[in-house]
Amino acid sequence: MSHYNFRKIRAVLPSKQFVDNVLNKTQRRTPTVIRPGFKIIRIRDFYIRKVRTVQSMIHDKFGQILDDFPDLNSIHPFYSDLLNILYDRDHYKIALGSMSISRNIVDHIAKHYISQIKYGDSLFRCKTLKRAALGRLCTVIRKQKDSLSYLEQVRQHLSRYPSIDPTTRTLIITGYPNVGKSSFMNTITRANVDVQPYPFTTKSLFVGHFDYDFQRWQCLDTPGILDHPLIKRNTIEMQAITALAYIKSTILFFIDISETCGYSIHQQVTLFRSISRLFVGKPIVLVLSKIDLRKPNELSQEERKIIECVWDKELPKETFSDEEEENENEKEKEELDEEDEEKDLIIGQENDESLGMALFNRELDWEIDWELKDGFLMASDERVKLVAISSKGEMGIAKVIEQSCDLLKSERVEKKVRSSEMDKNLNRLHVAIPEKRDEFERPPNIPKSILEMREKKKQKGYVKPKKTLSRDLEKQNGGYGKYDIDLRKEWILENEEWKDDIIPEIWEGKNIADFIDPEIERKLDELEKEEEEIIRKMEEADSQEMEVNDLNQTQEKMLDKIREKKMLKILKKNREKTRGRKSIPTNKNTKKSISSLKEHLKDMGLPDLPLKQAKKRHLKTKRGREKLRKGMMKELHDTQKEVQIGQGVVLNKDRSRVRSRSVDPRYKGFKDETQLKLARKIAVKQFEKKKNRYMPKGEGDRSIVTYRPKHLFSGKRGIGSADWR
């Protein structure tokens, strides 16, 4: 998977939309109303908050742009050079640099005006400074109009570009335009590259993936390259040159032997020689394409010799007509004039040219032995593989994939073995070799059937016997509907001959019919009724409660404990249900009469004397409280000495304990301290509810106190507008 995901870059707003976005958010997030009673300190904070909010938003947006866009000095050289080709490195750096400078300018402006607002002596002065600060901050954004629009175009183009991983296993397809590169790409991968019968259909890099040897491989389809100096190559061709220069991969160079692409074999080999300096240290596969239009054995001796001499110093000269020869001479003169300019414009380091020329000028004493095996043209040289393919009939496709992937795998393994880290890893490994413990030989145990099968395979004319399937038997015996599968073949019996035996009518002197009971249905009905009766009795026994007399003392104690725990669980559950509600429901409509109170006291065994005294005290106009209270307490004390309540419990209270204990004034009408704490807790909770309800509101929130004011919605409507806002 690629290390760079340019689709995550967020959109860059135009300058006008940038300003509107910042000011709208500031208006929503900060207070908007200054009341007449505000002090000057609060007014200063009001406008400082506005300036700081705008400054922080602009600072964050500029910082987001700088973080999202890739840094050319820290990314892979392939992407760095690709960005230079597509968008111009200098222009790209200038745009990002202006974002960084603008961010610092915004911070400086905000700091300057905040320091002035702190010493503002009036509302008008603070407001004027705020307007000046916001105006200058918006001007900074407007000045970056061109840079913002350029970065947005770069973002849109990068988001559409394929995700290429320059470090993974890769095959790069290159060659002249219209030689069959995209058709091969569509054949081996699921990439849907456009294929047309004219050159330069592919104008950018396309990536596809395929599986080989239980590994994921990446395949790059590059635009076509023409054979002319580097300075004359356009942006489309330079994308292919960049991929060839920086990505470690297997190079698949396509040569159209049918020459339907518009370029001869001599021109295609010349292109290979001109860009061969980009192939240093990379495995190469020469792919002869379109063999469905022209067979490899139809190539002339001159064309074969040209292909064989791809690494030689000089190519055999191609035969031309007089006009073509003049054109070629003119091209050679132009190339000689531009040789000096081309030397300094090679991609990569300065030493690449010397390395490329060393590879270019090396003398190779090898010859290609042309062979045609199973329709594939192959070469005997191990350093450069040569394969002929046809994407239309998919001839040779598997061979190309196999050879190119194996070459790259061996190259990557050799590179890892040569690295310094391999020595560290080898020191950690220990290969255990078992020693021979005795002279006894233990050969492998191979079954005789396998040995016989191997001997038969070695004989000439051996044909492996075909296994007869059930489908073959079905066809032989009349087909579907007529042939019935014999399931007895799969039976596992003591004797194989028993499979075909017919079920006997007489066995051990008895007929099978003797084992059939004529009253089997009646007996079955009786069994079902008996079973239903048993089930009914069991249900009745379960529904009845267990009698206590049937339990011993230990079982009774266990039963009491179980019932007690069950009751505690029920009470706990009911308490959780009624939490936060009144435990005893009150009914305001219930009224108790004096007669009902008398009956209640009589049932409890108490005299109705306190009730009579209370009635007297209520009806008396003058309240002689102390005198009445003393008489009432004396009579109550005398009567309660001999009163019995319940079964034998006697009240005999002293005179000093008749008077109830006075309530502590600290509790303010509550019974005790616990009740006071509970009341305070409820009061705090009610206050918190109200506070939380109005907490989200701030000074900047709009509120409409009356949605339908009476003076606008009563009476007859006049001629004026109905919009009351």
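**Exercise 1. Find how strand 2 and strand 3 are joined, and what happens at their turn.**

Solution. Start with the pairing: strand 2 (residues 206-212) and strand 3 (residues 215-221) run antiparallel and are joined by seven bridges. Strands and helices here are DSSP runs numbered from the N terminus, with at least two residues (E) for a strand and at least four (H or I) for a helix. Two strands count as paired if DSSP finds at least two bridges between them. Next, look across the pair: Phe210 stands opposite Trp217 in strand 3. Finally, go to the turn: the hairpin has two residues between the strands, and Asp213 takes a positive phi near 55 degrees.

A word on the model before going on: it is predicted, so local features need pLDDT of at least 70 and side-chain atom pairs count only at pLDDT 80 or more, while totals for chains, interfaces and linings use all residues. Residues are numbered from 1 along each chain as its sequence is written, and side-chain values use heavy atoms, with hydrogens and water left out.

**Exercise 2. Locate the charged groups that sit over the rings of Trp217 and Phe38.**

Solution. First the criterion: NZ of Lys or CZ of Arg must be within 6 Å of the ring centre and within 35 degrees of the ring normal. Over Trp217 you will find the charged end of Arg169, 5.9 Å from the ring centre. For Phe38, the partner is Arg42, which lies over the ring face at 3.9 Å from the centre.

**Exercise 3. Describe the pairing of strand 4 and strand 5 and the surroundings of strand 5.**

Solution. Step one: strand 4 and strand 5 pair in the parallel sense over six bridges, with Leu252 opposite Val285 in strand 5. Step two: together with helix 9 they make a right-handed β-α-β unit (with the strands pointing away from the viewer, the path from the first strand over the helix to the second runs clockwise). Step three: six of the six residues of strand 5 (residues 284-289) are buried, so this strand is largely enclosed by the rest of the structure. Buried means under 20% relative accessible area, exposed over 50%, and partly exposed in between, using a 1.4 Å probe and protein chains only. Step four: Ile284, Leu286 and Leu288 point one way, Val285, Val287 and Ser289 the other, and all are buried. In a regular strand, side chains alternate between the two faces of the sheet.

**Exercise 4. Classify the ring pair of Phe253 and Phe272.**

Solution. The structure holds nine aromatic pairs. Rings of Phe, Tyr and Trp (its six-membered ring) pair if their centres lie within 6.5 Å; planes under 30 degrees apart are stacked, over 60 edge-to-face and the rest tilted. Here the centres are 5.0 Å apart and the planes at 75 degrees, so the pair is edge-to-face. Because Phe253 lies in strand 4 (residues 250-256) and Phe272 in helix 9 (residues 265-274), the pair ties together parts 19 residues apart in sequence. Phe253 is buried at 0%, and Phe272 is buried at 1%.

**Exercise 5. Trace the contacts of Thr30.**

Solution. Thr30 is in the loop between helix 1 (15-29) and helix 2 (40-68), and is buried at 3% relative accessible area. Its side chain reaches the backbone oxygen of Thr26 at 2.5 Å. A polar contact of 3.1 Å also joins the side chains of Thr30 and Lys50 (N or O atoms within 3.5 Å; within protein, one able to donate a hydrogen and the other to accept it, with residues adjacent in sequence counted only if both atoms are side-chain atoms).
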